[in-house]
Amino acid sequence: MRLASALLLATIVFGSHLPVAARSACAESPLRLSEICAGPTRDWNLDGLTSSRDDEWIEVVNTGATPVALDGHLIMDGDSLVRIALTGTLGAGEHRVIFGKESWDWERANAQPAFGFSLGNNGDRVTLWQVVGVDTSRVDGYTFTSHQAAADRSVGRSPGTDFWMLFDALNPYSGSLQPPGTGCAPTPGAPNDCGMTPSRSATWGELKSRYR
């Protein structure tokens, strides 16, 4: 993990206090990754253009009961490169959608190589970090696979859980990989209310050992 470059960039963005410690434990921030769309083929950001770079999107949600300041939160991809530093405030229960165009604009404004989120369609990882004083702590992360990154599919967390679901109404998935297709549409900026109970597969041996 190229965390050193991320920490250096955090210094550029947040001031002279270089975060020297990175903890694997999750920070206390109530922010969580909520939904990811890595393979856009339509105008998701409604700017009148369709762009595989600009229309990628990552959604975060405030799971807390009070507003939270977004300042100090960074989003990185699987290369551990900072793709955007968040700003502003997110109300309790609110969702914030960040599009690839915002990432690209932020990279250009901060003299960084400008690629946008550059989410891999063969699979990638998105990580949310928080810089507090001299510490940089991991808040949340999710690794998605290729079938979750197919055209106009999104993968999102079932509200209040750590289960992730495939939102594939725009490009139905009929394979057997996890998570399976739900037939639900992506929900940028809204709760991931698919009306389904999340589940996971288990071997017969696991089931027998669980219910002995």
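Q: Which helix holds both D105 and K101?
A: The model is predicted: local features need pLDDT of at least 70, side-chain atom pairs count only at pLDDT 80 or more, and totals for chains, interfaces and linings use all residues. Residues are numbered from 1 along each chain as its sequence is written, and side-chain values use heavy atoms, leaving out hydrogens and water. Helices (H or I, at least four residues) and strands (E, at least two) are DSSP runs, numbered from the N terminus. D105 and K101 are four residues apart, about one turn, and both lie within residues 100–109, in helix α2.

Q: How far apart are the closest N and O atoms of D105 and K101?
A: Side chains of opposite charge can pair when their charged atoms come close. A salt bridge is a side-chain nitrogen of Lys or Arg within 4 Å of a carboxyl oxygen of Asp or Glu. D105 and K101 form one, with their closest N and O atoms separated by 2.9 Å.

Q: Is D105 buried, partly exposed or exposed?
A: Buried means under 20% relative accessible area, exposed over 50%, and partly exposed in between (1.4 Å probe, protein chains only). Its partner K101 has 28% and is partly exposed. D105 has 34%, so D105 is also partly exposed.

Q: Is D54 buried or exposed?
A: D54 makes a salt bridge with R53, at 2.6 Å between the closest N and O atoms. R53 is partly exposed, at 29% relative accessibility. The relative accessible area of D54 is 9%, so D54 is buried.

Q: Which side chain forms a salt bridge with D162?
A: D162 is exposed, with a relative accessible area of 66%. The N to O distance of the pair is 3.5 Å. The partner is buried, at 11% relative accessibility: R157.

Q: How many salt bridges does the rule give?
A: Some of them join into a network: D77, R83 and E107 are linked this way. By the rule, the count is eight.

Q: How far is R53 from the ring centre of W104?
A: A charge sits over a ring if NZ of Lys or CZ of Arg is within 6 Å of the ring centre and within 35 degrees of the ring normal. R53 lies over the face of W104, and the distance to the ring centre is 4.1 Å.

Q: How many aromatic pairs does a search of the whole structure find, and what is the angle between the planes of Y142 and W164?
A: Rings of Phe, Tyr and Trp (its six-membered ring) pair if their centres lie within 6.5 Å; planes under 30 degrees apart count as stacked, over 60 as edge-to-face and the rest as tilted. The search finds two pairs. Y142 and W164 form a stacked pair, with 3.9 Å from centre to centre and a plane angle of 15°.

Q: Which strands hold Y142 and W164?
A: Both residues are buried: Y142 has 13% relative accessible area, and W164 has 12%. They are 22 residues apart in sequence, so the pair ties together two separate parts, strands β10 and β12.

Q: In what order do the five strands of the open sheet stand?
A: Two strands pair if DSSP finds at least two bridges between them. The pairing in this sheet is antiparallel, and the order is β8-β3-β2-β11-β12.

Q: Which strands stand at the edges of the sheet?
A: An edge strand here has a single partner, so one of its sides is left without a neighbour in the sheet. The two edge strands are β8 and β12.

Q: Which residue in β11 stands opposite E35?
A: Strand β2 covers residues 31–37 and β11 covers 154–157; two bridges join them, and they run antiparallel. Opposite E35 stands G156.

Q: Which residue in β12 is the bridge partner of S154?
A: β11 and β12 pair in the antiparallel sense over four bridges. Their hairpin has six residues between the strands, and G160 there takes a positive phi near 80°. The partner of S154 is F167.

Q: Which residues of β12 point the other way from W164 and L166?
A: In a regular strand the side chains alternate between the two faces of the sheet. W164 and L166 point one way from β12, and the buried residues pointing the other way are M165 and F167.

Q: What is the torsion about the S-S bond of C184 and C194?
A: A disulfide is a pair of cysteine sulfur atoms within 2.5 Å, and the count is one. C184 and C194 form it, with sulfur atoms 1.9 Å apart. Both residues lie in the loop between β12 and α3, so the bond ties together parts ten residues apart in sequence. The disulfide is right-handed because its torsion is about 85°.
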